[in-house]
Amino acid sequence: MRKISRRSFLSAAAVCGAAAALTACGGSSSSTAASSTASSAAASSAAADGQKYTVGICQLVEHAALDAATQGFEDALTAQFGENVTFDFQNAQNDSATCATIANGFVSAGVDLIMANATPALQAAQAATDSIPILGTSVTEYGVALGLTDFDGTVGGNVSGTSDLAPLDQQADMITEWLPEATKGITATQYAFSDSNDLASVCQKAADENDAVYVPTDNTCAANTGIIDGICRPAKKPVFAGEEGICSGCGVATLSISYYDLGYTTGEMAAKVLTGEADISTMPVEYTNVTKKYNKTICDDLGMTVPEGYEAIEE
């Protein structure tokens with residue numbers, strides 16, 4: 001077993017991003033009941049006044065996690081405003097340039113708010129406007145995504161949102177929990193890939209050189225779990241994942257977040273912004289809770305013993 005301190009894992013994990021490496025990312029937190037009640041009252045008032053809103057949604061690509069986040073977002077706003085909210089949903093087909101085109105189109109159309117689903121969508125929206133409110137979701141690290149060297153949890157300006165980042169210390173604990181023989185720690189080596197074209201070769205190198213692989217909350221990985229599973233499972237190398245969708249396709253275990261709940265929280269934030277109840281420039285980025293889950297099929301194939309406290313992912 002290759003051994004290095006946990007600090008090495010955390011250092012490598014901290015720099016992971018939407019298309020960075022097979023090494024780390026997910027979150028925790030929720031809004032209070034009192035805040036939710038106040039938001040509902042403000043939204044009900046706006047609905048009673050017949051005020052209508054148009055919300056532009058730019059989603060980077062279609063896959064289970066992002067789809068769930070968009071659904072949660074739409075459900076939250078529909079619950080608040082009913083037929084008085086209209087959604088302009090646009091799928092960027094996993095292309096950053098298309099995200100920019102979509103965001104600029106929303107600005108030209110004069111939408112009331114933009115929801116940016118995934119990091120490239122958020123970056124495109126921020127570049128397109130500094131006046132229309134922008135809420136991101138399924139974004140791991142806002143400071144990194146937006147180039148903020150002094151990010152303290154609040155972006156400021158016209159941007160806020162929700163993050164899918166899971167506490168890195170909990171992720172390190174998860175891996176050592178599943179690999180009890182690693183009594184002196186785990187080496188964390190980062191393997192960078194640019195897109196799906198080099199994912200297979202990078203994944204193969206990671207599997208060849210290590211005892212296990214960590215896959216972050218990354219859109220390219222989420223859309224190509226078959227590639228990862230086709231390399232790692234035959235090699236008997238367990239994959240630990242940053243979210244449930246990836247884990248169900250190629251992983252053994254994850255600290256799972258509900259992307260539906262994440263999107264729903266984003267929708268609740270949007271309602272507050274639209275009704276004027278909240279100032280987006282002072283809204284901190286919000287998180288959601290994590291749940292320990294495992295992939296029974298892959299665990300059985302690899303002969304891995306499931307620690308206590310893990311729920312099986314529904315097949």
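**Exercise 1. Work out what covers the buried residues of helix 8 (196–209)**.

Step 1. Begin with the cover: strand 6 (213–215), helix 9 (219–223) and helix 10 (225–232) are among the elements over these buried residues, where contact means heavy atoms within 4.5 Å. Helices (H or I, at least four residues) and strands (E, at least two) are DSSP runs, numbered from the N terminus.

Step 2. A word on the source: this is a predicted model, in which local features need pLDDT of at least 70 and side-chain atom pairs count only at pLDDT 80 or more, while totals for chains, interfaces and linings use all residues. Residues are numbered from 1 along each chain as its sequence is written, and side-chain values use heavy atoms, with hydrogens and water left out.

Step 3. Now find the residues underneath: Leu-199, Val-202, Cys-203, Ala-206 and Ala-207 are the buried residues of helix 8. Buried means under 20% relative accessible area, exposed over 50%, and partly exposed in between (1.4 Å probe, protein chains only).

Step 4. Why do they lie on the same side of helix 8? They cover an arc of only 135 degrees around the axis, which puts them there; the arc is that of the directions from the helix axis to the C-beta atoms. An α-helix has 3.6 residues a turn, so residues three or four places apart point the same way.

Step 5. Turn to the opposite face: the exposed residues Asn-197 and Asp-208 sit on the face turned away from the buried side.

**Exercise 2. Trace the open sheet and find its edges**.

Step 1. Five strands form an open sheet in the order 2-1-3-4-5, with parallel pairing. Two strands pair if DSSP finds at least two bridges between them.

Step 2. Strand 2 (85–91) and strand 5 (159–163) are at the edges; each has a single partner strand, so one side of each lacks a neighbour in the sheet.

Step 3. Check one pair: strand 1 (residues 53–59) and strand 2 run parallel and are joined by seven bridges. Within strand 2, Phe-87 is the bridge partner of Val-55.

**Exercise 3. Locate the largest nonpolar core**.

Step 1. A nonpolar core is a set of buried Ala, Val, Leu, Ile, Met, Phe, Trp, Tyr and Cys residues joined through side-chain atoms within 4.5 Å. The largest has 26 residues, and Ile-114 and Ile-134 are among those with the most contacts inside it.

Step 2. Helix 4, strand 3, helix 5 (119–128), strand 4 and helix 6 (142–145) each supply at least two residues of this core.

Step 3. Return to helix 8: a second, separate core of 20 residues includes Val-202, Ala-206, Ala-207 and Ile-228.
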